[in-house]
Amino acid sequence: MPELFQALGHLRMGRLRKLVAALEQCRDLVVIERPVTQGQDDRRGVIEEVHAITRGVVDDESVRHLDHLDVLSLSRECAHEDAIIIRSGRAVSGGAGYPGGIVEPRVLILTPVKQAAQHLDRYFELVGGLSYQPDRLSLGMLESDSTDGTFELMQARQHELSEHFARVTLVQRAFGFRIPPAAPRWAPPLQVARRTILAKSRNHLLFAALENEDWVLWIDVDVIDYPSDVITRMLGTGKDIVHPHCVTRPGGPTFDWNAWRDQGRQTMAELRNGSELVRLDGVGGTMLLVRADAHRDGLIFPPYLYGRESRFLRRPNPFARPHVGEIETEGLGMMAKDMGIECWGMPYLEVIHANT
Ligand SMILES: Nc1nc2c(ncn2[C@@H]2O[C@H](COP(=O)(O)OP(=O)(O)O)[C@@H](O)[C@H]2O)c(=O)[nH]1
Ligand SMILES: [Mg+2]
């Protein structure tokens with residue numbers, strides 16, 4: 001792809017006219033990065049310039065707009081994607097949306113809910129306060145087996161939510177799952193049963209709500225605080241699967257222990273003393289950004305121990321794998337790996353889980 005790297009060179013040196021000429025030689029998707037920092041005087045001018053370029057070269061639908069990535073990571077991405085990515089210029093700290101007609105990618109927020117009446121007000125306050133174009137955001141919630149009126153409270157908000165978001169999907173699906181009153185939620189035998197239902201809830205919700213969105217943002221209903229620009233910051237990594245650090249208080253202990261790597265030996269807490277973006281194997285779902293195409297390609301939340309050896313396998317098996325298994329969000333992490341997609345964690349991007 002010599003044209004592509006030539007174009008990237010022009011992009012780095014700011015030679016816009018040459019860049020356009022080089023882009024016109026490229027096949028497929030064409031996207032360019034023009035990061036714009038807040039307070040930069042020529043922000044609108046740069047964005048309009050980029051928009052003019054994209055209009056001239058590719059149609060809007062085939063352009064993916066992301067944020068402030070560096071061109072180096074871009075060229076690596078291009079090496080196997082046969083694409084240049086046009087990063088639109090939104091400041092890192094967020095704002096009122098893109099000026100100059102550049103639109104943000106569509107994001108679908110998905111939340112499985114059970115017995116969550118006490119958390120709904122705060123949940124809606126937070127999703128309503130996200131600094132992201134509301135007409136590029138849609139919302140989907142699936143409620144199961146609540147006895148505290150959770151679904152009715154969600155329904156009562158439907159009109160108000162529909163006025164704010166591009167689309168709202170509220171689904172109810174009973175699984176008839178009850179944790180025995182005396183048993184702690186985290187007891188190991190219950191974990192597999194509980195997380196099987198949770199995985200099914202997530203999958204049912206995904207299939208019910210996903211339409212034309214570019215990204216899916218999973219948020220648990222009992223996450224009680226996060227920065228309003230959390231979407232932009234996660235999108236800004238340019239990674240397909242991104243998990244922030246779910247803690248019980250700012251700077252405090254990790255809540256979501258499903259984020260780990262090195263066969264569970266390293267958790268998010270232990271990755272705090274390094275880089276802002278760390279590779280993960282298992283991921284948590286308290287908040288999880290997934291490129292929607294990864295879901296469309298088949299990435300789901302396994303409602304069974306993914307990776308476990310099946311007794312029905314051919315022996316010897318032509319595609320053998322070890323006999324272990326992970327479930328739900330951790331299973332999704334394993335499945336992503338098997339699909340060739342890496343998962344990433346952001347140890348310093350904290351979201352706060354309710355103290356339950
Ligand atoms: N639809 C549905 N949602 C569930 C179920 N169990 C938990 N949830 C929701 O899934 C998310 C994660 O569950 P939670 O109990 O908070 O998990 P934990 O905090 O990681 O122990 C929350 O938004 C819950 O309300 C279920 O059986 N069905
Ligand atoms: Mg929770």
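**Around strands β4 and β7**

Let's start with a pair of valines: Val216 has Val290, in β13, as its bridge partner. That is one spot along a longer seam, since β7 and strand β13 (residues 287-291) run antiparallel and are joined by five bridges. Strands and helices here are DSSP runs numbered from the N terminus (E over at least two residues for a strand, H or I over at least four for a helix), and two strands pair if DSSP finds at least two bridges between them.

Before going further, some housekeeping. The model is predicted, so local features need pLDDT of at least 70 and side-chain atom pairs count only at pLDDT 80 or more, while totals for chains, interfaces and linings use all residues. Residues are numbered from 1 along each chain as its sequence is written, with chains lettered from A and ligands numbered from 1 in the order in which they are written.

Zooming out for a moment, the protein has 11 helices and 14 strands. Of its 356 residues, 41% are buried, meaning that 20 or more other C-beta atoms, placed from the backbone, lie within 10 Å of a residue's own (12 or fewer is exposed, in between is partly exposed). Take the contacts with a separation of 6 or more: 77% of them join residues 24 or more positions apart. A contact here is a pair of residues whose C-beta atoms, again placed from the backbone, lie within 7 Å.

Back to β7. Five of its five residues are buried, with Trp215, Leu217 and Ile219 on one side and Val216 and Trp218 on the other. So what about its partner β4? β4 and β7 pair in the parallel sense over four bridges. Leu108 stands opposite Val216, and Leu110 has Trp218 as its bridge partner. Val216 therefore turns up twice, and you can use it to step from Leu108 in one direction to Val290 in the other.

β4 tells a similar story of cover, with seven of its seven residues buried. In a regular strand the side chains alternate between the two faces of the sheet. In β4, Val107, Ile109, Thr111 and Val113 lie on one side, Leu108, Leu110 and Pro112 on the other, and both faces are covered. β4 also pairs with β5, in the parallel sense and over seven bridges; Thr111 stands opposite Met141 there. The link between these two strands involves helix α5 (residues 117-128), and β4, α5 and β5 make a right-handed β-α-β unit (with the strands pointing away from the viewer, the path from the first strand over the helix to the second runs clockwise).

The loop between β4 and α5 holds Gln115. Its phi is positive, about 50 degrees, although Gln115 is not a glycine. Gln115 counts as partly exposed because it has 15 C-beta neighbours inside 10 Å. Compare Glu328 in helix α11, another non-glycine with a positive phi, near 50 degrees. Glu328, though, is buried, with 30 other C-beta atoms within 10 Å.

Now to helix α8 (residues 188-209). Its 22 residues should span 32 Å at 1.5 Å a residue, and the end C-alpha atoms are 31 Å apart, which agrees; the expected span is 1.5 Å times one less than the number of residues. Among the buried residues of α8 are Arg195, Leu198, Arg202, Leu205 and Ala209. An α-helix has 3.6 residues a turn, so residues three or four places apart point the same way. The buried residues of α8 pack against several elements, including β4, β5, β6 (167-172) and β7.

The loop between β6 and α8 is where Phe175 sits. With 14 C-beta neighbours inside 10 Å, Phe175 counts as partly exposed. Beyond the neighbours within four places in sequence, Phe175 is in contact with Ser144, Asp145, Ile197 and Lys200. The C-alpha atoms of Phe175 and Asp145 are 6.6 Å apart, although 30 residues separate the two along the chain.

Which residues are closest to ligand 1? Pro112, Lys114, Ser144, Ser201 and Val221, out of 17 that surround ligand 1; a residue is near a molecule if its C-beta atom, placed from the backbone, lies within 6 Å of it. The elements giving two or more residues to this shell are β4, β5 and α8. By type, the shell divides into nine nonpolar, three polar and five charged residues (Ala, Val, Leu, Ile, Met, Phe, Trp, Tyr, Cys and Pro count as nonpolar, Asp, Glu, Lys and Arg as charged, and the others, Gly among them, as polar).

Note on methods:
Contact = placed C-beta atoms within 7 Å.
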